[in-house]
Amino acid sequence: MEVRMIRQVGDTVIQPVHRARCHCGAVVLELALPDGIVDPRRCDCSICRRKGAVVASVPLPDLTMVQGREVLTRYTFNTHTAQHFFCSVCGIYTHHRRRSNPQEYGYNVGCLDGVDPFLIADVPVSDGIRHPADRMDATP
């Protein structure tokens with residue numbers, strides 16, 4: 001499968017280090033995105049269906065909290081592996097620690113400065129209902 005790398009959305013060029021923020025600006029992140037937005041997607045799991053965000057991922061060290069750690073609210077459910085972070089002031093989902101790869105953060109592409117996620121064509125949907133971490137290996 002070919003990796004999709006998006007280096008520009010509309011008039012916004014994705015910077016090698018790009019800022020992301022919640023709606024009110026209380027939470028500010030810096031993301032290392034040397035290849036742009038890599039493999040943006042949606043997920044159909046129970047929480048993602050409701051938030052509707054386009055997400056992409058970065059390794060844990062590639063997301064830096066610039067501001068707002070004290071206003072982040074963390075939500076976990078089911079296995080409590082995934083940790084979803086929201087601004088407690090405006091309620092916007094900014095990022096999450098991924099369940100399928102806890103060494104990565106998923107981030108809300110719509111929080112990237114200058115990026116309108118509706119301008120990204122053909123965003124695939126990941127199967128979160130039948131999550132890879134829930135699948136049992138059938139081999140003995």
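**A serine in a loop, and the sheets and cores around it**

In this predicted model, a polar atom of the Ser88 side chain sits 2.7 Å from the backbone oxygen of Val71. The two residues are 17 positions apart along the chain, and their C-alpha atoms are separated by 5.4 Å. Ser88 belongs to the loop that runs between β11 and β12 (93–97). Once neighbours within four places in sequence are set aside, the contacts of Ser88 are Val71 and Thr73. Is Ser88 buried, partly exposed or exposed? Its relative accessibility is 46%, so Ser88 counts as partly exposed, the limits of that class being 20% and 50%.

It helps to step back to the whole chain at this point. The protein has 140 residues, of which 43% count as buried, and its secondary structure consists of one helix and 14 strands. About 8,100 Å² of the protein is exposed, with carbon and sulfur atoms supplying 52% of that area. Among contacts with a separation of 6 or more, 58% are between residues 24 or more positions apart.

Two open sheets can be described in turn. One has three strands in the order β4-β5-β9, paired antiparallel. Its edges are β4 (17–21) and β9; each has a single partner strand, so one side of each lacks a neighbour in the sheet. From one strand to the next, the twist averages 30°. Strands β4 and β5 run antiparallel and are joined by five bridges. Within this pairing, His18 has Leu31 of β5 as its bridge partner, and Ala20 is partnered by Leu29, also in β5. Six residues lie between the strands of the β4 and β5 hairpin, where Gly25 adopts a positive phi near 85°. On to the next pair: β5 and β9 are antiparallel and share four bridges, with Glu30 standing opposite Thr64 of β9.

The other sheet is also open and contains five strands, ordered β8-β13-β12-β11-β10 with antiparallel pairing. Strands β8 and β10 (72–75) are at its edges, each pairing on one side only. Here the twist averages 25° from one strand to the next. Five bridges hold the antiparallel pair of β8 and β13, and Ser57 stands opposite Gly106 of β13.

Which residues have the most contacts inside the largest nonpolar core? This core comprises 29 residues, and those with the most contacts inside it are Val27, Leu31, Ile37, Tyr107, Val109 and Leu112. At least two core residues come from each of β5 (28–32), β8 (55–59), β9 (63–67), β11 (83–87) and β13 (104–108). Leu31 thus appears twice in this account, as a bridge partner of His18 and as one of the core residues with the most contacts. Val27, leaving aside neighbours within four places in sequence, touches Ala20, Arg21, Cys22, Met65, Gln67, Gly68, Val71, Leu72, Cys87 and Thr94. Apart from this core lies another, made of seven residues that include Cys45, Cys48, Phe86 and Tyr93.

Val71 brings the description back to its starting point: this residue is in contact with Val27, and its backbone oxygen lies 2.7 Å from a polar side-chain atom of Ser88.

Notes:
Residues numbered from 1 in each chain as written. Predicted model: local features only at pLDDT ≥ 70, side-chain atom pairs only at ≥ 80, totals over all residues. Heavy atoms only, no water. Core = buried A, V, L, I, M, F, W, Y, C linked by side-chain atoms within 4.5 Å. Buried < 20%, exposed > 50% of the residue type's maximum accessible area, 1.4 Å probe, protein only. Contact = heavy atoms within 4.5 Å. Areas by Shrake-Rupley, 256 points an atom, 1.4 Å probe, with all protein chains shown as cover. Pairing = 2+ DSSP bridges. Axes fitted to C-alpha atoms, helices over the stretch in contact; angles between N-to-C directions. Polar contact = N/O pair within 3.5 Å; in protein donor to acceptor, adjacent residues only side chain to side chain.
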